[in-house]
Structures are given as structure tokens and as C-alpha cells.
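Trainee: I'd like to learn how to read a protein structure, beginning with its aromatic rings. Could you walk me through one?

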Amino acid sequence: MAATTKVLALESPTQTGEWTVVLPRKGRHRRNSRKITIAKGQQQEQQPWVPTDLEIDPERQSKLMHKIQACMKKIENSQFFLAFLDQMQIPKVLNHFHRVLGSESQLQMVIYGIGSIESHETPRLQLSLALLMKRKFSWIGDIEVFDPVLSATESQVLEDLGCSVLSLNEQGRREAKKSTLFFMPHCEAELYNNLLQANWGVESLNRIVLFGNSFETYEQHVSFKYYDQEVSLMNSSVAESVTHILAARRFIDEFRIETISDDYFAAFHDSSWHFFKLACENELQLN
């Protein structure tokens, strides 16, 4: 199934002086739209994090583990997964993975913005794909996970599945000091931009593989609407949230994911592999 066009809309400011950028629904299978909030003149900082609920519910834990195992089995036996693996192993894609790995034996995986794996099937499918990738490829290493909505029960299940749940909200600003696969399907534009900004150098970007929303779609189809009037992106007050995404398009090789069937549309539509290819700092000009 072809990826859909994603358009951002700028709603009116809140009482706190913030703008809310919304990804509208596309297709009947999409779950609730995610929002990014951009505080005027305020830099997001990394903060310690713990679940708001501190008690683990054994019954919920058992049910959730069963649901994730069922999702993994569903994906593993699907045509979608076969096509996904085939794409990862075609020479031009596999060569990119090998280049990012370099002399290292494994790619660390960092999962941002997974959402509530207990409340929604889409995050469970996304997590299941990440876990199956690690099972399939020996060169995918440890998995770290973070989303501020995770409960204590969800965090424990993730730990039981072999993942590490971060105790710091990094706001996506993880510097890639070693080869890293950032697994970020359907995250907010601001989170991708934060990641790029934190790694805006030749060595750091060349260490990164990013799975997430198509940057090509952002470049071609992002627009903002203010009181029903179209506003030029680069003249808007939220331009900072996509500046690095648009600049990175100059040196990215992007490979779109085929969802194959409606079962996987909500979880993976408009998703791509992104590989950064930089030779010199001159390529990093933002405008």
C-alpha cells in the first residue's frame, strides 16, 4: 500500500503561549493523532523520569506479555515481515548498515516515543517488529526504550522482554557516540529534529540509522494553517521544529517501507529507513 501524505496543521496558541502541531488522521486505521508542543522561547531539557504509577500489577503484566507475544507471532508469520526482511537485506540497504557498523559488532537500538503498549495495538506491533529484528539479526544489540506515558507495569514487561527502560527523558537528544539504530515510528517532528540537532556533525550522523517518518514527506508536503490561512513553513513560528529535518534531506538515502496489508498500515505507514552520508562539515549548512 502506498504511503499517505502527512500534513501538519498549526492550531491557535494555548493560554501558556504554546503552539500545538497536529498530525491529522489519514486512513481509518490510524490511532489517535499525536501532538508536539513547542513552548515559545523555551528550550526542552533532559529530565529524570519515573512512571507516575509506581506499583506493578501482576495480572496486567501477564495479560500484556501475552498480547505482545501474540503480536510478535502475527508479524513473524506475515507477508509484511517477509518483505521487510527482504528490503533490509538487499545490497544497497545492507551496505548502509555495514557502513554504519564500521568496526563495531552491533548496532545499539534506541526506541523513542513507542506510546502505551498496554492501551493500543499499534505500539505493540511497532515494539514487536523491533524485537523480531533483534532476534533475526545478530548485529542488532541491546534495546533501550523510552516514552513518558509508560506505566510501571509496561516498564516491567519491557524489562522482561530484554529491553532497558530509560530513567531519563532525553527529549530525543541522544548523542550517538557509537553506532546506533534509532527506532522511532510515528514520532513527533520535534523529536526527530532534536535527535538531528544533538548529532549535527559528520561523525555523529554517520553513526546513525533512523527508522521513522519519511523525511521526504516532510520536505514535500508539510504545511501549516493559521486561522484557515496557509502559512509558509520557513516563515512560521514553528520552523525550528523541522529545520534540521529539512536540511538533512540533502545527504540522506531513504528507503520507504511497504505496509503490504491493512493490518500493518496504522503502525508503519509513511515509515522509512534513513541513512546519513556525509563527507565534510560544509554539507551541514542549515540554509
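Mentor: Sure. Rings of Phe, Tyr and Trp (its six-membered ring) pair if their centres lie within 6.5 Å. Keep in mind that this is a predicted model.

Trainee: How many aromatic pairs does the structure hold?

Mentor: The structure holds 19 of them. A pair of aromatic rings is described by the distance of the centres and the angle of the planes. Take Phe84 and Trp273: their centres are 5.9 Å apart and their planes make an angle of 35°, so the pair counts as tilted, since that label covers angles that are neither under 30 degrees nor over 60. Phe84 belongs to helix H2 and Trp273 to strand E14, so this pair ties together parts that are 189 residues apart in sequence.

Trainee: Are Phe84 and Trp273 buried or exposed?

Mentor: Here you need one cut-off: buried means under 20% relative accessible area. Phe84 has 2%, so Phe84 is buried. Trp273 comes out at 0%, so Trp273 is buried too.

Trainee: Which residues form the aromatic cluster?

Mentor: Phe84 and Trp273 are both in it, and other members include Phe80, Phe97, Trp139, Phe183, Phe211 and Tyr264. Tyr264 has something else to show you: Lys74 lies over the face of its ring, 5.6 Å from the ring centre.

Trainee: Okay, on to the sheet. In what order do the strands come?

Mentor: Read across the open sheet and you get E7-E6-E5-E9-E10-E14-E13, 7 strands with mixed pairing. E7 (164–165) and E13 (252–256) stand at the edges with a single partner strand each, so one side of each has no neighbour in the sheet.

Trainee: Which strands pair in the parallel sense, and which in the antiparallel?

Mentor: Let's go through some pairs. Strand E5 (residues 107–112) runs parallel to E9, joined by 4 bridges, and Gln108 has Thr180 as its bridge partner there. E9 and E10 are parallel as well, with 5 bridges; one link to look for is Phe182 with Leu210. E10 (residues 208–213) and E14 (residues 271–276) are antiparallel over 5 bridges, and there Gly212 stands opposite Ser272.

Trainee: How do I read the two faces of a strand?

Mentor: In a regular strand the side chains alternate between the two faces of the sheet. Try this on E9 (residues 180–184), where 5 of its 5 residues are buried. Thr180, Phe182 and Met184 are on one side, Leu181 and Phe183 on the other, and both faces are covered.

Trainee: Where does helix H2 lie?

Mentor: Helix H2 (residues 79–88) lies across E10, E13 and E14, and runs at about 15° to E14.

Trainee: What about helix H6: how many of its residues are buried?

Mentor: In H6 (residues 189–198), 8 of its 10 residues are buried, among them Glu190, Tyr192 and Leu195.

Trainee: Last one: how do I read the surroundings of a single residue?

Mentor: Find its place, check whether it is covered, then look for its partners. Glu144 lies in strand E6 (residues 140–146). Its relative accessible area is 18%, so Glu144 is buried.

Trainee: Which side chains does Glu144 join by polar contacts?

Mentor: Gln108 is one, at 2.9 Å, and Arg174 is another, at 2.7 Å. Leaving aside neighbours within four places in sequence, Glu144 is also in contact with residues including Met109, Val110, Ser164 and Leu166.

Key. Residues numbered from 1 in each chain as written. Predicted model: local features only at pLDDT ≥ 70, side-chain atom pairs only at ≥ 80, totals over all residues. Heavy atoms only, no water. Pairing = 2+ DSSP bridges. Helix = DSSP H or I, 4+ residues; strand = E, 2+ residues; numbered from the N terminus. Contact = heavy atoms within 4.5 Å. Axes fitted to C-alpha atoms, helices over the stretch in contact; angles between N-to-C directions. Buried < 20%, exposed > 50% of the residue type's maximum accessible area, 1.4 Å probe, protein only. Lys NZ or Arg CZ within 6 Å of the ring centre and 35° of its normal. Polar contact = N/O pair within 3.5 Å; in protein donor to acceptor, adjacent residues only side chain to side chain.
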